[in-house]
Amino acid sequence: VQLQASGGGLVQPGGYLRLSCLASGTIFSINGMGWYRQAPGNQRQYLGSISRAGNTNYADSVKGRFTISRDSAKNTMYLQMNNLKPEDTAVYYCNAGTSSGPKWGQGTLVTVSS
């Protein structure tokens, strides 16, 4: 499985962005997918996930602001981020749990600044 994250950029506080994660390869081996982020000097932080059945789970820190969805026909997972704050600035990574272990995308940078 290969993952390609995209959609990052510069946004003002209070703004929104939608990140995408395109999966390719052995899609059938994916059990679930998730989003993480890592700010400079910090550990990678779990944001949320979506199971194979479509059930979602979120970290308390982003619940109500971030929404994970997917388009199975496009092999793509999304992260809709609303009401962005400067502390949301980080590199965002998508992750897939597969039968051969976790897979990571390359990350996309989100900068929230005025």
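Two strands pair if DSSP finds at least two bridges between them. Strands (E, at least two residues) and helices (H or I, at least four) are DSSP runs, numbered from the N terminus. The structure is a predicted model, in which local features need pLDDT of at least 70 and side-chain atom pairs count only at pLDDT 80 or more, while totals for chains, interfaces and linings use all residues. Residues are numbered from 1 along each chain as its sequence is written, and side-chain values use heavy atoms, with hydrogens and water left out.

**Exercise 1. Determine how strand 9 and strand 10 are joined.**

Step 1. Locate the elements: strand 9 covers residues 90-98 and strand 10 covers residues 101-104.
Step 2. Establish the pairing: the two strands run antiparallel and are joined by 4 bridges.
Step 3. Identify one bridge: A96 has K103 of strand 10 as its partner.
Step 4. Examine the connection: a hairpin through 2 residues links strand 9 to strand 10.

**Exercise 2. Assess the radius of gyration of the protein chain against that of a compact globule.**

Step 1. Describe the content: the protein chain has 11 strands and 0 helices.
Step 2. State the rule: the radius is taken over C-alpha atoms, and the globule value is 2.2 Å times the number of residues to the power 0.38.
Step 3. Compare: a compact globule of 114 residues would have a radius near 13 Å, and the protein chain agrees because its own value is 13 Å.
Step 4. Add the extents: the C-alpha trace spans about 40 × 25 × 25 Å along its principal axes.

**Exercise 3. Establish whether I68 is buried or exposed, and which residues it touches.**

Step 1. Place the residue: I68 lies in strand 7, residues 66-71.
Step 2. Apply the cut-offs: buried means under 20% relative accessible area, exposed over 50%, and partly exposed in between (1.4 Å probe, protein chains only).
Step 3. Classify: with a relative accessible area of 5%, I68 is therefore buried.
Step 4. List the contacts (heavy atoms within 4.5 Å). Not counting residues up to four places away in sequence, I68 touches residues including W35, I50, Y58 and L79.

**Exercise 4. Characterise N75 and N83 by phi and by accessibility.**

Step 1. Place N75 in the loop between strand 7 and strand 8, and N83 in the loop between strand 8 and strand 9.
Step 2. Read phi: N75 has a positive value near 55° without being glycine; N83, also not a glycine, has a positive phi of about 50°.
Step 3. Classify: N75 is partly exposed at 31% relative accessible area, and N83 is partly exposed at 43%.
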